[in-house]
Amino acid sequence: MVPVGVLKQPGNEGSLTREQRRVWFADGVLPNGDAAAESPKPPASSPAPSQSLAISTYSNKSCTPESSEAAHTPVAPVGSPVGSSLSLIPEDGLPPILISTGVKGGTGGHITDYAVEERPSEIVLMQQLEEGGPDPLVFVLNANLLAMVKLVNYVNRKCWYVTTKGMHAVGQAEVVILLQCLPDEKTVPKDIFTHFVQLYQEALSGNVLSHLSHSFFTQSFLGSKEHGGFLYISPSFQSLQDLLLPNPPYLFGILIQKWETPWAKVFPIRLMLRLGAEYRFYPCPLFSVRFRKPLFGETGHTIMNLLADFRNYQYTLPVVKGLVVDMEVRKTSIKIPSNRYNELMKAMNKSNEHVLAMGACFNDRADSHLVCVQNDDGNYQTQAISIHHQPRKVTGACFFVFSGALKASSGFLAKTSIVEDGVMIQITAETMDSLRQALRDMKDFTITCGKADQEENQELVHIQWTEDDHNFNKGVISPIDGKSMESITSVKIFHGSEFKANGKVIRWTEVFFLQSEDQPNGLSDPADHSRLTENVARAFCMALCPHLKLLKEDGMAKLGLRVTLDSDQVGYLAGSNGQPLLPQYLSDLDSALIPVIHSGACQLSEGPVVMELVFYILEIIS
């Protein structure tokens, strides 16, 4: 631990207690209405959670007009004020909190002084939360991870609002939990903090969360052994009004019961929509309710027993990203994005020759969705939920099954029916062969269902290849200049380049393959460039090693490096918080990067390549 001097509070000559240690922040400028639109501007002395807040030890950002990222950036001449353990959550009591202690001048503009208060009083904190000021309480879970806590009124329910800050630096989406309060609740739900630290640790070893993934508890959680874990959701139609959201990407965690965990593992979309039906939110609620009755019991007789393994969880229904099922009057369309051909082939080649079954994604172009409800006697029934006050035209389904056992002698060309929350299409073996061939050839295919001699009662099933799926990296922006990274292919890097110096570590966390004129969809195969990107990342980290402490103190903990390789143009751009890096860092970068980039350009086999690498500077945690 670095000893620090006594800190004077403004207007109060008494020194801070021994339990408070010193930290600094620099207040950046709010971007032109960008972040301000997301959240009202807090008083200068308080951390605004939609913005990035950070101690000398936290990943943080500041802003310029180009960047809707965050404003408070730390300037901290002290070492990590909280030590290097993975978890600062005590057995009894709460983790340390950050408290503002006034403003002073400094290199980064106005600097807000923060102190870390160890073992804060829960009674005092509960009073602050109940008073409901504009700012959340900020708990320090470890030197790189914060939890923001507030009491909010969300859809007429009083809820705990708990969100992480610092997950992005380990390749993880930030996590938001909205937990409905119990009547007269007097304690902070700190089990959530412990779970956040577990998620952080998992992310370090490459296990990260995504939409419809889950994390499970190994012991009693929030007062019950019946609580099984969280199901994670990217919000779609739900209200996010008045919530101080983290920078994207982020996921909401929804508390699920032990009995619901098999569905979270095997077929999570069914659980998500069933929660929506229960709480009357489309497609599902974002808040969590403790001690509720589970929505599923013993698995019993479901078509899923035939399609997935509920006993050992060895296999489940394959899901192709972006594939949706639209059901309209006498017409069902299975829509497959053209850029998901390889995924579809992989799923098809694994399937049994007589059955072709796949899970679908939530259909955000539909106005309603099939839901499967298990009633009290254990049987499964089909219902539908729809967007409030919208006429039902297109209903989404959660899976499709083609069964190739229909006899030609039956008089039916094909048969279609709704089963649970999906669609079953019975076809002849011959039609099955033609269907598989059409998919291999990436051709559309139509199946007529019904009797050959009764055209007026026939229904159609269309398999259609649609435009590419670009639904990723929503709201993500470049740390260099605020450029939008939406729909740009990226690869998360785990166990990549990582260099330590002065108690800090710089980690390469992601690479974006930017589009270029010759290749409208970015790179043909990102893997081709893995050696080049690894070499560039290593050179960047090594060049900045001597400067890690200074960069972090100046609030530049998230860095971007954009590299352009072209036969007639080779170069790079490095920046943080929407601004280029200062000249003092560039000479070291030039000597390290230019040779690597030139040798990469010589090996170019195809058109120009532009890629952006993202790095974070963190405290070393043991």
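I looked up Phe499 and found that its bridge partner in strand β28 is Ile506. The model I am reading is a predicted one.

I then checked the strand that holds Phe499. Strand β27 covers residues 498-501 and pairs with β28 in the antiparallel sense, over four bridges. I asked myself what joins β27 and β28. They form a hairpin, and two residues lie between them. In that turn I noted Asn502, which has a positive phi of about 50 degrees.

Next I followed β28 to its other partners. Strand β26, residues 490-492, pairs with β28 in the antiparallel sense over three bridges. Here I found Ser490 bridged to Phe512 of β28. Phe512 also has a bridge partner in β32, namely Glu612. Strand β32 runs from 609 to 619, and I read its pairing with β28 as antiparallel, over ten bridges.

Is β28 mostly covered or mostly open? I found it mostly covered, since eleven of its eleven residues (504-514) are buried. I took buried to mean under 20% relative accessible area. I also wrote down a general point: in a regular strand the side chains alternate between the two faces of the sheet.

Last, I turned to a helix. Helix α3 spans residues 191-204, which makes 14 residues. I compared its reach, 20 Å from first C-alpha to last, with the expected 20 Å, and the two are close. Which residues of α3 are buried? I listed Ile192, Phe193, His195, Phe196, Val197, Leu199, Tyr200 and Ala203. After α3 comes Gly206, and I noted its positive phi, near 95 degrees.

Definitions and conventions: Residues numbered from 1 in each chain as written. Predicted model: local features only at pLDDT ≥ 70, side-chain atom pairs only at ≥ 80, totals over all residues. Heavy atoms only, no water. Buried < 20%, exposed > 50% of the residue type's maximum accessible area, 1.4 Å probe, protein only. Pairing = 2+ DSSP bridges. Expected span 1.5 Å × (residues − 1).
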